[in-house]
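Biologist: Could you pick one part of this protein and take me through it slowly, residue by residue? I would like to know what sits where and what touches what.

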Amino acid sequence: MRVFISTLVVTFVLAMAAPAMAQDSAALFKSKCKICHGVDGKGTAVGHKLGVRAFSSPEVAKMSDEELETIVKNGKNKMPKYEGKLTDDQIKGLIKYVRTLK
């Protein structure tokens, strides 16, 4: 019975945390990425001048989460690196959020 109650509590806590993490990722995207990638992930005028591709483009859509994480961590072309500035969990949250912008 204790195991069941413990499992139920853990499941409830995780279920409550998921929407908060999604909101945090959206806010993080808006503060760090929106200026170049735009709110919809299609890129802004500034982003297009820097070579930003839309997240819905075939080139980006076919990339694995690991490839995108590497780009966020190490930067690419004009994009700055965020390793040491964002946690691994924040980066993974951003990738999940970006996948919703197709």
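Modeller: Happily! Let's begin at Phe29: once neighbours within four places in sequence are set aside, Phe29 is in contact with Lys34, His37, Gly38, Val39, Phe55, Leu94, Tyr97, Val98 and Leu101. Please keep in mind throughout that this is a predicted model. Phe29 is also one of the residues with the most contacts inside the largest nonpolar core, together with Phe55, Leu86 and Leu94. That core has 18 residues. Helices H1, H5 and H6 each supply at least two of them, and H6 gives the largest share, five residues. As a general background, nonpolar side chains in soluble globular proteins tend to be buried together.

A quick word on the setting before we zoom in. The protein has six helices and zero strands, so by definition of the helix and strand runs the pattern read along the sequence is α-α-α-α-α-α. Buried residues make up 29% of its 102 residues. Among contacts between residues at least 6 apart in sequence, 41% join residues at least 24 apart.

The part I would choose for the close look is helix H5, residues 65-74. Which residues of H5 are buried? They are Leu68, Glu69, Ile71 and Val72. These four cover an arc of only 160° around the axis, which puts them on the same side of H5. The general rule behind such a pattern is that an α-helix has 3.6 residues a turn, so residues three or four places apart point the same way. What covers the buried residues of H5 includes helix H4 (58-61) and helix H6 (88-99).

Let's take two of those buried residues in turn. Leu68 counts as buried because its relative accessible area is 9%, and the cut-off for buried is under 20%. Not counting residues up to four places away in sequence, Leu68 touches Val60, Met63, Ile95 and Arg99. Leu68 and Leu94 are 26 residues apart in sequence, while their C-alpha atoms are 9.7 Å apart in space. Leu94, you may recall, is among the residues with the most contacts inside the largest nonpolar core.

Glu69 is a charged residue by class, and it belongs to the buried set of H5. Why does Glu69 count as buried? Its relative accessibility is 16%, and the limit is under 20%. Leaving aside neighbours within four places in sequence, Glu69 is in contact with Ile91, Lys92 and Ile95. Ile95 is thus touched by Leu68 and by Glu69. The C-alpha atoms of Glu69 and Tyr82 are separated by 9.8 Å, with their positions 13 residues apart along the chain.

Now for the two ends of H5. Ser64 is found in the loop between H4 and H5, and with a relative accessible area of 26% it is partly exposed. The C-alpha atoms of Ser64 and Ile95 are separated by 9.8 Å, although these residues are 31 apart along the chain. On the other side, just after H5, Gly75 takes a positive phi of about 80°. Asn77, in the loop between H5 and H6, also has a positive phi, about 50°, although it is not a glycine. Asn77 is exposed, with a relative accessible area of 73%.

Further along, Asp89 lies in helix H6 and counts as exposed at 62% relative accessibility. Asp89 and Ser25 are 64 residues apart in sequence, and 9.7 Å apart in space, C-alpha to C-alpha.

H5 has one more role to show you, in the lining of the largest pocket. The volume of this pocket is about 650 Å³. It is lined by 26 residues, and those nearest its centre are His37, Val52, Phe55, Ile71 and Met79. Helices H1 (2-32), H2 (34-37), H4, H5 and H6 are the elements that give two or more residues to this lining. By class, the lining has 18 nonpolar, three polar and five charged residues. Ile71 links this view to the earlier one: it is one of the buried residues of H5 and is among those nearest the centre of the pocket. Phe55 does something similar, as a contact of Phe29 that also lies nearest the pocket centre along with four others.

Terms used. Residues numbered from 1 in each chain as written. Predicted model: local features only at pLDDT ≥ 70, side-chain atom pairs only at ≥ 80, totals over all residues. Heavy atoms only, no water. Buried < 20%, exposed > 50% of the residue type's maximum accessible area, 1.4 Å probe, protein only. Arc of directions from axis to C-beta. Contact = heavy atoms within 4.5 Å. 1 Å grid on protein atoms, 1.4 Å probe; cavity = no way out; pocket = protein on both sides within 12 Å on 5 of 7 lines; lining within 4 Å. Points joined across faces, edges and corners; volume = space filled by probe spheres on them. Core = buried A, V, L, I, M, F, W, Y, C linked by side-chain atoms within 4.5 Å.
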